[in-house]
Amino acid sequence: IANALGEQGVDPRRLVLEVTESTAMRNPEATAELLYELKQAGVLVAVDDFGLGYSSLAYLKRFPVDILKIDRSFVRGIGTDSKDERLIEAVIALSHGLGVQVLAEGVEHQRQLNYLVAEGCDLVQGFLIGDAMAAADLQHGLAGAAGTALGLEAIEAMQQRPFPED
């Protein structure tokens, strides 16, 4: 990965590799070693599907994690399930306490976005932010975004003003 990034002239901090918690826990020692090598190369690491697998808090301490992704199944409950909301609040507080950013997956409704912004969620993904697209369209969109990650402008804007629920 480091060689490929170097050959292409890509800043390694622009690459976020995602590992699901269930995959990470199959062989925690090997995972930790690999993740530390990636971190030394400058690559960012995200844990995907947090809360669906082992959810071991010990690996948050052991693994060099930059981003913790809250699964869409919890985001779906915003506004209708107070338990999902309390879990999201706890994950955000825990992550921030460890110096880890939080990304919420599956944001499809404005009420979800409003809640996540109010709770201090750092990043969001979902159809509210942008539709799924073909790889060629993504590449074209990134080229036109002056080197910024797709959707960052929307995230920065949402943090500066409240959004209506409807």
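In this predicted model, the largest nonpolar core holds 31 residues, and those that touch the most other members are Ile70, Ile88 and Leu116. Several elements give two or more residues to this core: helices H3 (28–40), H4 (57–62), H5, H6 and H7, together with strands S2, S3 and S4.

I shall now concentrate on Ile88. Leaving aside residues up to four places away in sequence, Ile88 touches Ile70, Phe74, Val75, Ile78, Tyr115 and Leu116. Two of these, Ile70 and Leu116, are themselves among the three core residues that touch the most other members.

Ile88 is one of the buried residues of helix H6, along with Asp84, Glu85, Val91, Ile92 and Ser95. Why do these buried residues line one face of the helix? Viewed down the axis of H6, they fall within an arc of 125°, and therefore they line one face. As general background, an α-helix has 3.6 residues a turn, so residues three or four places apart point the same way. The cover over the buried residues of H6 includes strands S2 (44–50), S3 (67–70) and S4 (101–104), as well as helices H5 (72–75) and H7 (110–119). On the other side of H6, the exposed residues are Lys83, Ala93 and Gly97.

Let me turn to the helix as a whole. H6 runs from residue 82 to 97, which makes 16 residues. From first C-alpha to last, H6 reaches 22 Å, close to the 22 Å expected at 1.5 Å a residue.

Finally, the two ends. At the N-terminal end, Asp81 caps H6, with a side-chain oxygen 2.9 Å from the backbone nitrogen of Lys83. Just after H6, Gly99 adopts a positive phi of about 75°.

Technical notes: Residues are numbered from 1 along each chain as its sequence is written. This is a predicted model: local features need pLDDT of at least 70, side-chain atom pairs count only at pLDDT 80 or more; totals for chains, interfaces and linings use all residues. Side-chain values use heavy atoms; hydrogens and water are left out. Helices (H or I, at least four residues) and strands (E, at least two) are DSSP runs, numbered from the N terminus. The expected span of a helix is 1.5 Å times one less than its number of residues. Buried means under 20% relative accessible area, exposed over 50%, partly exposed in between (1.4 Å probe, protein chains only). The arc is that of the directions from the helix axis to the C-beta atoms. Contact means heavy atoms within 4.5 Å. A polar contact is a pair of N or O atoms within 3.5 Å; within protein, one must be able to donate a hydrogen and the other to accept it, and residues adjacent in sequence count only if both atoms are side-chain atoms. A nonpolar core is a set of buried Ala, Val, Leu, Ile, Met, Phe, Trp, Tyr and Cys residues joined through side-chain atoms within 4.5 Å.
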